[in-house]
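Work through the exercises below with the sequence and the model open. Each task is followed by a solution in steps.

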Amino acid sequence: MGRLDDLDLARTLRRDEYARRLVAAQRRFLQLRLTLGGQLTDGTLGPGLLVLMEGPDAAGKGSAIKRIVEPLDPRHYRVSTFSKPDADEKRHHFLRRFFREIPGLGGMCVFDRSWYGRVLVERIERFATDDQWQRAYDEIVGFEQTLVLEGVMIVKFWLHIDGDEQLRRFQSRERDPLRRWKITEEDWRNRDKAPGYVDAAEEMFERTDHELAPWNLIGANQKRYTRVAVLDTLNQRIEEGMERWGIPVPDEV
């Protein structure tokens with residue numbers, strides 16, 4: 001039994017409750033984000049905020065990211081997406097391509113996929129050697145710990161759906177001409193390898209969950225629940241980070 005087995009994928013929210021809780025969570029997040037950026041203080045910058053989004057294809061990562069950044073001024077965040085490394089990126093250490101996207105003090109970035117591809121898709125698809133992906137666990141943890149200690153909050157999410165829900169979402173995308181671009185042959189091939197990805201994810205949780213950047217697993221079969229759960233968890237982690245850095249946590253307005 002792994003951590004994914006313990007997730008309750010059936011949790012839901014009614015539309016009226018979703019609307020109320022989403023607005024409240026977004027408003028709180030906006031307040032916390034502006035505080036870290038110095039807009040609600042005397043200009044003193046708090047730590048940077050880096051949000052990592054991982055999970056199976058069609059788990060709702062993009063939808064959750066959209067709700068995170070929705071209340072923000074476009075000048076106050078960046079969203080970076082990552083796929084498998086290209087030929088040039090593979091000539092360098094695997095963490096190199098992420099480093100330039102990491103936010104500085106007072107900044108914010110959301111990673112849609114991240115360095116965890118090294119121990120997930122690069123492991124399963126053999127884009128990395130056994131020695132490379134096995135070394136990566138310690139390299140990632142050390143990298144994250146260094147970032148946090150130097151002034152970056154890291155909030156890591158894994159959104160999880162079951163196979164039936166993923167199939168439904170794949171088929172829905174294929175039927176919609178404006179969303180068909182979101183489904184590829186590679187997505188279908190990855191679906192056939194789901195057991196391997198689950199095993200890789202469980203090992204990843206076990207070996208890269210640490211006090212300075214723990215994993216947050218969200219059951220994502222219902223998108224309404226997922227979006228609110230992500231925002232509520234993000235707000236909680238930011239408040240914990242502010243306390244760690246000795247920054248007063250503002251009362252909700």
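Which residue does His-160 stand opposite in β5? His-160 stands opposite Gly-219. The model is predicted, so local features need pLDDT of at least 70 and side-chain atom pairs count only at pLDDT 80 or more, while totals for chains, interfaces and linings use all residues. Residues are numbered from 1 along each chain as its sequence is written, and side-chain values use heavy atoms, with hydrogens and water left out.

**Exercise 1. The sheet**

Task: Find the order of the strands in the open sheet and name its edge strands.

Solution.
Step 1. Fix the terms: strands (E, at least two residues) and helices (H or I, at least four) are DSSP runs numbered from the N terminus, and two strands pair if DSSP finds at least two bridges between them.
Step 2. Five strands, paired in parallel, give the order β2-β3-β1-β4-β5.
Step 3. β2 (78–81) and β5 pair on one side only, which makes them the edge strands.
Step 4. On average, and with direction ignored, neighbouring strands of this sheet are turned by 20° against each other.

**Exercise 2. Strand β4**

Task: Describe the pairing of β4 and decide whether its residues are buried or exposed.

Solution.
Step 1. Strand β1 (residues 48–54) runs parallel to β4 and is joined to it by seven bridges. Within this pairing, Phe-157 of β4 is the bridge partner of Met-53.
Step 2. Strand β5 (residues 215–219) also pairs with β4 in the parallel sense, over five bridges. Here the bridge partner of Phe-157 is Asn-216.
Step 3. Apply the accessibility classes: buried is under 20% relative accessible area, exposed is over 50%, and partly exposed is in between (1.4 Å probe, protein chains only).
Step 4. Val-152, Ile-154, Lys-156, Trp-158 and His-160 point one way from the strand, Met-153, Val-155, Phe-157 and Leu-159 point the other way, and all are buried.
Step 5. Nine of the nine residues of β4 (residues 152–160) are buried, so the strand is largely enclosed by the rest of the structure.

**Exercise 3. Two helix pairs**

Task: Classify the packing of α5 with α8 and of α1 with α9.

Solution.
Step 1. Two packed helices are described by the angle between their axes and the distance between the axes. Axes are lines fitted to C-alpha atoms, for helices over the stretch in contact, and angles run from 0 to 180 degrees between N-to-C directions.
Step 2. Angles under 35 degrees count as roughly parallel, over 145 as roughly antiparallel, 65 to 115 as roughly perpendicular and the rest as oblique.
Step 3. Helix α5 (residues 130–150) and helix α8 (residues 194–208) have axes 10 Å apart, at an angle of about 45°. α5 and α8 are therefore oblique to each other.
Step 4. Contact means heavy atoms within 4.5 Å. From α5, the contact takes in Trp-133, Gln-134, Tyr-137, Val-141 and Glu-144, and from α8 it takes in Glu-203, Met-204, Arg-207 and Thr-208.
Step 5. For helix α1 (residues 15–36) and helix α9 (residues 223–244), the axes come within 9 Å and cross at roughly 30°. That makes α1 roughly parallel to α9.
Step 6. The contact of α1 with α9 includes Tyr-18, Leu-22 and Phe-29 of α1 and Val-228, Leu-231 and Ile-238 of α9.

**Exercise 4. Helix α2**

Task: How many residues of α2 are buried, and what covers them?

Solution.
Step 1. Helix α2 (residues 61–69) has seven of its nine residues buried and is mostly covered.
Step 2. The buried residues are Lys-61, Ser-63, Ala-64, Ile-65, Arg-67, Ile-68 and Val-69.
Step 3. Their cover includes α1, β1, β2, β3 (108–112), β4 and α9.

**Exercise 5. Three loop residues**

Task: Place Leu-105, Ala-58 and Arg-113 and give the accessibility class of each.

Solution.
Step 1. Leu-105 lies in the loop between α3 (96–99) and β3. Leu-105 counts as exposed at 53% relative accessibility. Leaving aside neighbours within four places in sequence, Leu-105 is in contact with Leu-45, Gly-46, Pro-47, Gly-48 and Gly-151.
Step 2. Ala-58 sits in the loop between β1 and α2. Ala-58 is buried, with a relative accessible area of 7%, and its phi is near 70°, a positive value in a residue other than glycine.
Step 3. Arg-113 is in the loop between β3 and α4 (121–124). Arg-113 is partly exposed at a relative accessible area of 24%, and its phi, near 75°, is positive in a residue other than glycine.
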